[in-house]
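Please look through the model shown here before reading on. The paragraphs after it go from one residue to the strands, sheets and cores around the chain.

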Amino acid sequence: MERLGPPGLGSGSVLLVFLMSALLRTADLRICSSCKPHPVNCVSNQCFSNCSVSTECVNEQDVCAAVWWRDAGLVMVETLCHDPLKPMLGVMVEDILISECVLQEQNIHGRHLRVCSCTGDQCNQNLLLRKLTEEEKLSKTNSSSGFRLKQNCKFCDVESSVCNASGVCESACGINSICETPDEVCASAWRSNGGNSSIETVCHNPALLFHGHNLTDSQSRVCQMRRVEEDLYICSCNDEECNDRLFFNHDLKQYPGVQFDPPSESSWFSLAPVLISVFVLIPIVLLSVFYCYHISQHKLKLPNKKSLDSERCNIFMNPEEHSDSSSINANSLNHNTELLPIQLDRVVGKGRFADVYKAKLKQSADSFQTVAVKIFPYEEFSSWKSEWQIFSDVELRHENVLQFLTAEERTAERQYWLITAYHERGNLQELLALQVIGWEEMCRLGVSLARGVAHLHSDRTPCGRAKVSIAHRDLKSSNVLVKSDWSCCVCDFGLSLRLDSCLSPEELANSGQVGTARYMAPEVLESRMDLENTESFKQADVYSMALVLWEIMSRCSATGDVRDYEPPFGKLKGHPCVESMKDDVIRDRLRPEIPTSWSKHAGVHHLSSTIEECWDHDPEARLTAQCVVERFDDIINSDVILPISPDTKSAGDSGIQEM
Ligand code: ADE
């Protein structure tokens with residue numbers, strides 16, 4: 001039985017809804033924009049969808065509707081016909097009788113979504129983030145563009161920010177927008193809400209109030225934060241992308257609620273002379289302050305498990321709750337006759353079968369979004385197809401799995417493309433080779449990697465829906481990307497395998513020894529995997545993941561023993577072959593070295609044991625990826641993180657230890 005409204009609607013409301021539907025009824029069926037989730041461009045107060053698919057709605061009372069959300073830094077919209085008598089995503093949508101689609105914020109299962117509906121044909125093509133004020137309507141019609149250039153600003157409202165100890169927060173916004181008028185400048189609003197923070201980045205006309213406040217700094221070159229309400233800070237500036245980096249004053253105590261990371265390696269070094277002199281004068285006081293500071297940072301900064309769990313359960317992937325489940329599939333081939341307007345920039349990765357480019361996806365005449373494009377030559381059709389087939393499962397979507405946008409066949413260039421999110425920090429191997437990381441970054445990288453792998457392996461989404469388990473089969477640090485908030489996402493599904501019941505005997509027989517020799521589990525090196533048992537593929541992935549976790553840990557300053565970056569089994573240079581890996585991993589039972597110094601920090605020690613359990617020679621004895629997530633969560637949420645003892649010394653030079 002279909003429900004005609006939310007539970008508990010009184011008879012008066014039912015009558016009202018009935019009258020409303022009668023009003024909306026016309027002889028003709030409405031035509032609405034109707035596109036699966038796709039990225040859109042938002043300029044000022046409006047979001048423009050380049051959706052070119054329209055449908056005639058099924059029911060006479062149907063209105064046009066849209067759902068808006070953010071995913072990995074992209075603004076996504078799904079447009080559809082909607083029966084106003086039914087809830088959309090579990091809530092009744094208000095304001096259905098208006099001709100413009102004005103998005104209304106909804107908090108559905110812990111996710112911030114915006115939904116709207118409207119009554120004109122295709123009125124859901126352009127979406128308003130809020131109703132225009134009279135002033136704005138006026139300024140819209142009056143503003144003349146003159147010859148002044150329009151500003152290029154960041155335009156997002158991401159849910160988290162990364163702040164460093166020098167008082168600079170980065171917006172993590174991947175969307176640029178050329179402002180609508182030359183009067184507009186870049187502006188940002190930083191809000192703290194019960195421990196969560198969000199940064200909104202927009203173009204804004206300083207003649208108008210911003211969140212109810214005057215923008216007094218609109219001609220500044222940088223965005224200097226000003227507290228205007230208890231939990232609200234704003235700034236504006238007039239320079240290209242100047243609202244990406246938000247400057248708080250050096251007196252960080254001025255900003256209750258803003259969580260600044262502990263100083264980075266380099267700032268510690270620059271503070272060294274001061275620290276040393278203070279250390280000599282009052283060592284005991286300093287040590288206890290330092291110790292308390294560390295503990296409070298861990299408690300404050302690391303994500304709370306509960307809140308993350310609810311965020312991870314992505315409402316958009318829930319067909320039961322969605323009025324038009326057939327249309328939910330972002331991960332499909334771009335069947336539009338027109339190819340996406342993409343301009344390739346530079347190569348950012350070279351793979352076995354394809355190269356990856358940083359590229360600009362044009363959103364409107366003067367704005368673009370940065371994306372990554374993996375380009376396969378025509379000869380590599382089967383590699384493109386198999387990676388696309390893995391990606392095309394909408395249930396694969398996860399914050400720790402590279403976000404797929406679409407696939408295209410570029411006949412003119414004789415190429416096949418996979419278009420994905422772009423991550424500026426690049427791959428984990430490159431990052432670790434260049435940078436030493438702190439305890440907190442190590443935890444973020446490690447737990448998110450384990451979460452990504454656990455999601456691939458799982459036969460359930462975080463919301464509990466069925467999904468096909470995937471074995472990655474080529475996990476290595478160069479196949480992991482680092483996002484702006486220091487979490488990871490797993491990429492390159494070229495060798496991945498769907499572990500569903502339909503695996504043919506040939507597929508199984510051909511699936512023995514694939515991957516990169518350096519990261520291959522012993523049973524893979526020996527071609528002795530139990531191919532009948534799908535768990536064996538996951539166990540081999542966990543072994544490879546353990547090597548990546550070791551790489552992350554080896555660059556963490558909390559171990560007290562950070563050496564130059566080396567890949568696992570680093571003494572084997574270049575791309576070692578299977579035979580030489582067999583000598584190390586099987587004949588000599590070698591694994592990367594866990595220096596004794598790592599046991600001087602309780603957290604590092606605990607994680608080292610976890611890593612060792614993951615690279616056990618016996619596949620059955622290895623932990624599952626989910627268990628690794630739980631181990632990290634336990635450490636992250638535990639109250640006592642012991643600092644390293646001051647006498648920590650390097651425990652030797654070899655990068656390899658015997659098992
Ligand atoms: N290298 C390979 N894929 C990438 C991506 N999506 N973003 C950034 N660098 C990459």
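The side chain of H455 reaches the backbone oxygen of E395 at 3.0 Å, and a polar atom of the H455 side chain lies 3.2 Å from the backbone oxygen of L396. A polar contact here is a pair of N or O atoms within 3.5 Å; within protein, one must be able to donate a hydrogen and the other to accept it, and residues adjacent in sequence count only if both atoms are side-chain atoms. This is a predicted model, in which local features need pLDDT of at least 70 and side-chain atom pairs count only at pLDDT 80 or more, while totals for chains, interfaces and linings use all residues. Residues are numbered from 1 along each chain as its sequence is written, and side-chain values use heavy atoms, with hydrogens and water left out.

H455 sits in helix α8 (residues 439-457). Helices (H or I, at least four residues) and strands (E, at least two) are DSSP runs, numbered from the N terminus. Is H455 buried or exposed? At 5% relative accessibility, H455 counts as buried. Buried means under 20% relative accessible area, exposed over 50%, and partly exposed in between (1.4 Å probe, protein chains only). With its neighbours within four places in sequence left aside, H455 is in contact (heavy atoms within 4.5 Å) with E395, L396, R397, H398, V401, T461, P462 and K467.

The chain as a whole has 14 helices and 33 strands. Of its 659 residues, 51% count as buried. Among contacts between residues at least 6 apart in sequence, 66% join residues at least 24 apart.

Where is the largest nonpolar core centred in terms of contacts? The residues with the most contacts inside this core of 85 residues are M442, L449, M545 and I552. A nonpolar core is a set of buried Ala, Val, Leu, Ile, Met, Phe, Trp, Tyr and Cys residues joined through side-chain atoms within 4.5 Å. Helix α11 (residues 534-554) gives the largest share of this core, 12 residues. The core draws at least three residues from each of domain 3 (321-421) and domain 4 (428-654), with domain bounds that come from an automatic or database domain assignment. Leaving aside neighbours within four places in sequence, I552 is in contact with L428, L432, I437, M442, L445, G446 and L449. A second, separate core has 24 residues, including C153, C169, A187 and L246.

One open sheet consists of five strands in the order β23-β24-β25-β27-β26, with antiparallel pairing. Two strands pair if DSSP finds at least two bridges between them. Its edge strands, β23 (342-350) and β26 (404-410), each pair on one side only. Neighbouring strands of this sheet are turned by 30° against each other on average, direction ignored. Within the sheet, β25 (residues 367-377) and β27 (residues 415-421) pair over seven bridges in the antiparallel sense, and V373 has I419 in β27 as its bridge partner. Helix α6 (residues 381-391) lies across β25, β26 and β27 and runs at about 30° to β27. Axes are lines fitted to C-alpha atoms, for helices over the stretch in contact, and angles run from 0 to 180 degrees between N-to-C directions.

Another open sheet has four strands in the order β14-β15-β22-β19, with mixed pairing. β14 (162-163) and β19 (223-224) stand at the edges with a single partner strand each, so one side of each is left without a neighbour in the sheet. Two bridges join β14 to β15 (residues 168-170) in the antiparallel sense, and C163 has C169 in β15 as its bridge partner.

Strand β21 (residues 232-237) has six of its six residues buried, so it is largely enclosed by the rest of the structure. L232, I234 and S236 on one side and Y233, C235 and C237 on the other are all buried, which covers both faces of β21. Strand β17 (residues 185-193) runs antiparallel to β21 and is joined to it by six bridges; the partner of S188 in β21 is C235. Strand β20 (residues 226-229) is also antiparallel to β21, with three bridges, and R226 stands opposite I234. A hairpin of two residues joins β20 to β21.

In a regular strand the side chains alternate between the two faces of the sheet. Along β9 (residues 104-108), Q104, Q106 and I108 point to one face and are buried, while E105 and N107 point to the other and are not. Five bridges join β9 to the antiparallel strand β10 (residues 111-118), where R111 stands opposite I108.
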